[in-house]
Amino acid sequence: LTRRAFFRALLVEARQATASLHGTPAFSLAALQDLPAEKLARLVPEVQPGWALHLDGDRLVARGRESGAVLDLLPASKENVLALNLLDGHRTVDSAARRLAREMGWPEEQAFEHVRQLFLTLAGALVCLPREAGDVGE
């Protein structure tokens, strides 16, 4: 995590704290994993503009557009690549999970848990965040 990413993430947390004082529903990135499934399902994840995601052999990696820093994220399995492509800033977690279930022939509960875990992994690296969180860069 670069100093720039740290301070941008801190800014996002401060904005959300301020918004909650004004009555706007907000949550911290640290509390993201504790959100009830029905609330998480309504989030719209998007990859942050400071990152480019791509395959590197059998791994999914994120490369910082400015710094060139590389984060090794996940195995490049079919389900991970498909789920990552569904987190496009337009679909909710629920919508992405339903599409993943259809594509993989999985039960919707299994697909939701897969998308949830993938999203939380990417959010923990500040690579993919809920659209309302704002850009935190790299």
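Buried means under 20% relative accessible area, and that cut-off will help you read the close-ups of this predicted model.

**View 1. A three-stranded open sheet with the order β2-β3-β4.** The pairing in this sheet is antiparallel. Its edge strands are β2 and β4, each of which pairs on one side only. On average, and ignoring direction, neighbouring strands of the sheet are turned by 30 degrees against each other. As a reminder for the bench, strands of a sheet pair through backbone hydrogen bonds, in either a parallel or an antiparallel way.

**View 2. The hairpin of β2 and β3, with two residues between the strands.** Here β2 covers residues 51-56 and β3 covers residues 59-64, and six bridges hold the antiparallel pair. You can follow the pairing through two examples: Trp 51 has Gly 64 of β3 as its bridge partner, and Leu 53 has Ala 62 of β3. Look for Gly 57 in this hairpin, where the residue takes a positive phi near 70 degrees.

**View 3. The hairpin of β3 and β4, with five residues between the strands.** Strand β4 spans residues 70-75 and runs antiparallel to β3, with five bridges joining the two. One pair to find is Leu 60 and its bridge partner in β4, Leu 74. This hairpin also has a glycine with a positive phi: Gly 68, near 80 degrees.

**View 4. Helix α3 against the sheet of β2, β3 and β4.** This helix, residues 78-86, packs on the sheet and touches β2, β3 and β4. The direction of α3 makes about 40 degrees with that of β3. Which residues of α3 are buried? They are Asn 80, Leu 82, Ala 83, Leu 84 and Leu 86. The cover over these buried residues includes the strands β2, β3 and β4, together with the helices α4 and α5.

**View 5. Val 93 and its surroundings in helix α4.** Val 93 counts as buried because its relative accessibility is 0%. What does Val 93 contact, leaving aside neighbours within four places in sequence? The list is Leu 40, Ala 41, Leu 43, Pro 45, Phe 112, Val 115 and Phe 119. Ala 41 is worth a second look: 52 residues separate Ala 41 from Val 93 in sequence, yet their C-alpha atoms are 4.8 Å apart in space.

**View 6. Arg 116 in helix α5.** The helix runs over residues 108-124. Is Arg 116 buried or exposed? Arg 116 has 17% relative accessibility, so this arginine counts as buried. Its side chain makes a polar contact of 3.2 Å with the side chain of Glu 113. Setting aside residues up to four places away in sequence, Arg 116 touches Gln 33 and Leu 40. Leu 40 also appears in View 5, among the contacts of Val 93.

**View 7. Confidence along the protein chain, with a mean pLDDT of 85.** Of the residues in the chain, 76% reach a pLDDT of 70 or more. Among the elements, helix α4 (residues 93-104) has the highest mean, 98, while helix α1 (residues 3-21) has the lowest, 63. Over residues 134-138, pLDDT stays under 50. The model has 28 contacts beyond four places in sequence for that stretch. Where pLDDT is low, please do not read the predicted coordinates in detail.

Definitions and conventions
Residues are numbered from 1 along each chain as its sequence is written. Side-chain values use heavy atoms; hydrogens and water are left out. Helices (H or I, at least four residues) and strands (E, at least two) are DSSP runs, numbered from the N terminus. Buried means under 20% relative accessible area, exposed over 50%, partly exposed in between (1.4 Å probe, protein chains only). A polar contact is a pair of N or O atoms within 3.5 Å; within protein, one must be able to donate a hydrogen and the other to accept it, and residues adjacent in sequence count only if both atoms are side-chain atoms. Contact means heavy atoms within 4.5 Å. Two strands pair if DSSP finds at least two bridges between them. pLDDT is the predictor's confidence in each residue, from 0 to 100. Axes are lines fitted to C-alpha atoms, for helices over the stretch in contact, and angles run from 0 to 180 degrees between N-to-C directions.
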